[in-house]
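Thanks for coming. I have one short structure to go through today, so please look at the model on the screen.

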Amino acid sequence: MMSGLRSYMGVALILVGALLLIVGYIAGWTSSNLVLLAGLILIIIGAVQHIRQQKKSEKY
């Protein structure tokens, strides 16, 4: 059960980062670098984690 959730953690972080950027744009927080950087960092961490999980699960 836990390994099934862990395999989607990277994708979930990417979605949360994208949602943060969308909500920040709609709410007008575009002048705040903190919100923009937090969204960007979540997307980057999520992408790296997703790639690492994919490489780990594949057999060469």
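I will start with the overall fold, then take the third helix, and finish with a few single residues.

First, a caution: this is a predicted model. Everything I quote is computed from it.

The fold is quickly described. The protein has three helices and zero strands, and along the sequence the pattern reads α-α-α. What are the overall dimensions? The C-alpha trace spans about 45 × 20 × 10 Å along its principal axes. The radius of gyration is 14 Å, where a compact globule of 60 residues would have one near 10 Å.

Now burial and surface. Of the 60 residues, 12% are buried. The accessible surface comes to about 5,000 Å², and carbon and sulfur atoms hold 72% of that. As for contacts, take those with a sequence separation of 6 or more: residues 24 or more positions apart account for 58% of them.

Next, helix H3, which runs over 33-57. Is its length what one expects, or not? At 1.5 Å a residue, its 25 residues should span 36 Å, and the end C-alpha atoms are 36 Å apart, so the two values agree.

Which residues of H3 are buried? They are Val 35, Gly 39 and Gly 46. The buried residues of H3 pack against helix H2, residues 9-27.

Val 35 is worth a closer look. Val 35 sits in H3 and has a relative accessible area of 17%; buried means under 20%, so Val 35 is buried. Which residues does Val 35 touch, leaving out those up to four places away in sequence? The list is Leu 20, Leu 21, Gly 24 and Trp 29. From Val 35 to Gly 46 is eleven residues along the chain, and their C-alpha atoms are separated by 17 Å.

H3 also contributes to the surface. Leu 37, Leu 40, Ile 41, Ile 44, Ile 45 and Val 48 make a nonpolar surface patch of about 530 Å². Take Ile 45, one of the patch residues. Ile 45 lies in H3, and its relative accessibility is 44%, which falls between the 20% and 50% limits, so Ile 45 counts as partly exposed.

Further along H3 is Ile 51. Ile 51 is also partly exposed, at 49% relative accessibility. How far apart are Ile 51 and Arg 6 in space? Their C-alpha atoms are 13 Å apart, with their positions 45 residues apart in sequence.

After H3 comes a segment that contains Glu 58. Glu 58 has a relative accessible area of 46% and is partly exposed. Measuring along the chain, Glu 58 is 13 residues from Ile 45, and the C-alpha to C-alpha distance is 20 Å.

Last, back to H2 for Met 9. Met 9 is partly exposed, at 40% relative accessibility. Met 9 and Trp 29 are 20 residues apart along the chain, and their C-alpha atoms are separated by 26 Å. Trp 29 came up earlier, as one of the residues that Val 35 touches.

To recap: three helices and zero strands, 12% of the residues buried, buried residues of H3 packing against H2, and a nonpolar surface patch of about 530 Å² that includes Ile 45. Again, the model is predicted. That is the end of my part.

Key. Residues numbered from 1 in each chain as written. Predicted model: local features only at pLDDT ≥ 70, side-chain atom pairs only at ≥ 80, totals over all residues. Heavy atoms only, no water. Helix = DSSP H or I, 4+ residues; strand = E, 2+ residues; numbered from the N terminus. Buried < 20%, exposed > 50% of the residue type's maximum accessible area, 1.4 Å probe, protein only. Patch = residues over 30% accessible without salt bridge, like charges linked within 9 Å, V, L, I, M, F, W, Y side chains within 5 Å. Areas by Shrake-Rupley, 256 points an atom, 1.4 Å probe, with all protein chains shown as cover. Salt bridge = Lys/Arg side-chain N within 4 Å of Asp/Glu carboxyl O. Rg over C-alpha atoms; globule rule 2.2 N^0.38 Å. Contact = heavy atoms within 4.5 Å. Expected span 1.5 Å × (residues − 1).
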